[in-house]
Amino acid sequence: MTIAGSLIAADAAMAQAPYPNRSIRIVSALAAGSVSDISLRVIGERLSQHLRVPVVIENQPGTGGVAAARTVMNSQPDGYTVGLGGNNWAISTGLFKNFPFDPRKDLTPIVGLVEFAYVFVTNQNSKYHTLNEVIAAGRAKTPLTFGTSSAGTTNHLAALLFKSVTELNLVVVPYRGPAELSIALLRNDVDVVINAYGGLRQGIERKEIRALATTTAGRIPQLPEVPTVRETGVADFEVSSWNGLYAPVGTPPDVVATLGKAITEVLAEKDIQQRHRELGLEVSPTPGDQLAKRMLSESDRWGKVINESGIEKQ
């Protein structure tokens, strides 16, 4: 057999071998070194051990996760290139005038990975010790300022949602980055800050800041004594940041199922769950069909918040 014939035969054998039989690439819009990027690498390393093939994380940061999503959508639908997406895509569909793809139909959901809570906090020296005290002050027409990350981020929209459901006349101040937000809180430039637990953990542990409430449906393991916003009486408020893996449209269902099953098994391992709790995250192996429903509902929800708040679309 000629060399060319041998290569063709080898390619054909590989194509017929059970999935996966070569390296899997996970494309991510996250910045390298971020908490969620660390999470993805922890999962990818263990997934590689389960599937016995290399799992490569490729960071393609960019506005709205567009570059990463395009890479996935333009890849062969064979399960060897998948992408990380989540509520950032759900927000972007309402935040950008001409968002170049629709995550509700242009990608195939595989499985959810993780989610994490946001926390309402004050400076440790603040006169507010509970979220109920903040709400009561707002109802008494006391001027209130809430600090968040830059406009259009999840915690910024969470603050706007809180303002809407409580009907408080508070001012939401978006800061350019976490450093500026932390400085504003420690200098008492704002009354309350809403941010991810992972970004607040050290300040809470050092007793520099006080946790008032968490944004998820239930209390988080890292702050079991801190009530949820719902427990304070704000019934229509629940926010978390979440992500999952997505494949190109047309990926065979058995390939999607194989990858989803392997990741679900990884997320069930106790040391993986513990590592995520240390990062301020919770594993969330949501099945693909439920992940699709979540993307749909979250896109509608944040689109409504963006429209009602008057945020200028980009």
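**Exercise 1. Work out how α2 and α10 run relative to each other in this predicted model.**

Short version first: α2 and α10 come out roughly antiparallel to each other. Now the steps.

- A packed helix pair is described by two values, the angle between the axes and the distance between them.
- For α2 (residues 35-51) and α10 (residues 270-278), the angle is about 170 degrees and the axes sit 10 Å apart.
- Anything over 145 degrees counts as roughly antiparallel, so that's the label α2 and α10 get.
- Who makes the contact? On the α2 side we have I38, S39, V42, I43 and R46, and α10 brings D271, I272, R275 and H276.
- Sorted by class, this contact has 4 nonpolar, 3 charged and 2 polar residues.

**Exercise 2. Check whether the length of α6 agrees or disagrees with its residue count, then see how covered the helix is.**

- Helix α6 covers residues 154-166, which is 13 residues, so at 1.5 Å a residue it should span 18 Å.
- Its end C-alpha atoms are 18 Å apart, so the two values agree.
- On burial, 10 of the 13 residues in α6 are buried, so call the helix mostly covered.
- Among the buried ones are H156, L157, L160, L161 and F162.
- Step just past α6 and you hit E167, with a positive phi of about 60 degrees.

**Exercise 3. Decide whether T216 is buried or exposed, and describe its surroundings.**

- Place T216 first: it's in the loop between β8 (209-214) and β9 (240-248).
- Its relative accessibility is 14%, so T216 counts as buried.
- Leaving out residues up to four places away in sequence, T216 touches A117, T228, E238, V239 and S240.
- Closer along the chain, a polar atom of the T216 side chain lies 2.9 Å from the backbone oxygen of G218.

Conventions: Residues numbered from 1 in each chain as written. Predicted model: local features only at pLDDT ≥ 70, side-chain atom pairs only at ≥ 80, totals over all residues. Heavy atoms only, no water. Helix = DSSP H or I, 4+ residues; strand = E, 2+ residues; numbered from the N terminus. Buried < 20%, exposed > 50% of the residue type's maximum accessible area, 1.4 Å probe, protein only. Polar contact = N/O pair within 3.5 Å; in protein donor to acceptor, adjacent residues only side chain to side chain. Contact = heavy atoms within 4.5 Å. Expected span 1.5 Å × (residues − 1). Axes fitted to C-alpha atoms, helices over the stretch in contact; angles between N-to-C directions. Parallel < 35°, antiparallel > 145°, perpendicular 65-115°, else oblique. Nonpolar A, V, L, I, M, F, W, Y, C, P; charged D, E, K, R; others polar.
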